[in-house]
Amino acid sequence: MEPQSGVSEILCTRGEVMKVWTTITIAVALMCASCSAPGSPSGIVVEGAWIAAPSGNDVASGFATIRNPGGRADRLLGAATRRASMAMLHDMTITNGVVAMRAAPSGFPIAAGSEMVLSPQGAHIMLMGISPPLKEGEPVQMELTFEKAGRVVAPFVVGAKQPASAHTTHP
Amino acid sequence: MKASWLGGVLALGLTMAALAGGMYWKQRTDGSPKQTSASLIDQDIRRLGRGVDTIVLEGSRQGKTPWGALKGRPRALFFGFTHCAVICPVTVWELNNAVEALGLPPDTLQIQFVTLDPERDTPQTMQKYFEGFDGRVDAYSGRREDIDRIARAFDVSYRKVEEADGQYTIDHTATVFLLDAQGRVVDVLGYGTPPETVQARLRALMESAGAEL
């Protein structure tokens, strides 16, 4: 395997080099996002956490897979971050092609030994009042509150593009 | 007596129409491969987007443009509002990802967005918003009644929903319409369609337009 020669052939412009570096940065950050949480005493694991934040908009949405490997059921109750004046749990329903999003104040249950997915096709974290604008690759510290496990902080990495692995079909 | 009988027939008719509509959407949004035969579904699609060519909207790039003048290239068209943090960006990403995967040259497929929120989405704010995406997205705003007529022509429904903090969200049809170069709707993609299906449908659209993929 000779990645060096392959890379130099493909990369012609500075812009493309930057793009690849950004991708690498995000990939590394995502790996860190998945490895930081297991050390927490709660046992809750937050994986593949990212934020869809195009174009310096003041709203954005957060997605992740949250695993509860422990032996007791838990419930995600809320989210908060310093980077947004408000973070809310939202749910999504699709009826005859019409998509509706609503606040989910009672949160989302996570059964013992199972996982829940916050995704663009379902439950997610809605961020409002973002200032200054989020930057691509920025790790946003998100505090997730669980009924049993309490507070778990995990970095959600800002993407200007949806990671290829992030697509999940609607259940 | 006669009036109630008529009412009953009307209600039954509407119920059947609603059921048929529901089945139609269910079939179109389950990600199943496109049928090649000229089925009832395809005929139903072909009636979309008609009769609105003279309506003038204001584009983020080209200023005031009659709807009919947007023809000429295959298009992926969707409706929404940019204050939505999920559907709009995800739809653009998924279309861009498919365009990239198919290796389409830039601008062979036109991605078009029509706002359902002209009070907040102006051509200027939308241009800034869509600059943040890799591909080219042309965004259109306009007078509320004009947008409503175009939305109706595509069977797009929407509803403003007030939120607790004085803000509002909009429930809306999040379907992507695929149009050929003549402006005819030839396929639809429901929100959440798997990437490989999006690619297959875009490939079919581009091949029918003469592109070699």
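What share of the contacts in chain B with a separation of 6 or more comes from residues 24 or more positions apart?

1. The answer for chain B is 69%, counted over contacts with a separation of 6 or more and attributed to residues 24 or more positions apart. It should be kept in mind throughout that this is a predicted model, and that the remarks below therefore describe computed features of that model.

2. As to its overall make-up, chain B contains 6 helices and 9 strands, and of its 213 residues 49% are buried. The accessible surface of chain B amounts to about 10300 Å², with 56% of that area belonging to carbon and sulfur atoms.

3. Two residues of chain B illustrate pairs that are distant in sequence. B:Ile45, which is found in helix 2 (residues 40–46) of chain B, has a relative accessibility of 1% and is therefore counted as buried, given that the cut-off for this class is under 20%. Its C-alpha atom is separated by 8.8 Å from that of B:Arg184, a residue 139 positions away along the chain.

4. The second of these residues, B:Leu102, belongs to helix 3 (residues 87–102) of chain B and, with a relative accessible area of 12%, is likewise under the 20% cut-off and so buried. Between the C-alpha atoms of B:Leu102 and B:Ala200, which are 98 residues apart along the chain, the separation is 9.1 Å.

5. The largest nonpolar core comprises 41 residues, and those with the most contacts inside it are B:Val86, B:Ile87, B:Leu109, B:Phe113, B:Phe130, B:Tyr191 and B:Leu202. Helix 3 of chain B supplies the largest share of this core, namely 9 residues. A second core, separate from the one just described, has 32 residues, among them A:Phe108, A:Ala123, A:Ala149 and A:Ala154. As general background, nonpolar side chains tend to be buried together in soluble globular proteins.

6. In chain A, strand 4 (residues 84–95) pairs in the antiparallel sense with strand 8 (residues 124–130) over 6 bridges, and also in the antiparallel sense with strand 5 (residues 98–103), again over 6 bridges. Within the pairing with strand 8 of chain A, A:Leu89 stands opposite A:Ile125, whereas in strand 5 of chain A the bridge partner of A:Met92 is A:Met101.

7. The hairpin formed by strand 4 of chain A and strand 5 of chain A has 2 residues between the strands, and in this hairpin A:Asn96 takes a positive phi near 50°, a detail that a reader may wish to find in the structure above.

Note on methods: Residues numbered from 1 in each chain as written. Chains lettered and ligands numbered in written order. Predicted model: local features only at pLDDT ≥ 70, side-chain atom pairs only at ≥ 80, totals over all residues. Heavy atoms only, no water. Helix = DSSP H or I, 4+ residues; strand = E, 2+ residues; numbered from the N terminus. Buried < 20%, exposed > 50% of the residue type's maximum accessible area, 1.4 Å probe, protein only. Contact = heavy atoms within 4.5 Å. Areas by Shrake-Rupley, 256 points an atom, 1.4 Å probe, with all protein chains shown as cover. Pairing = 2+ DSSP bridges. Core = buried A, V, L, I, M, F, W, Y, C linked by side-chain atoms within 4.5 Å.
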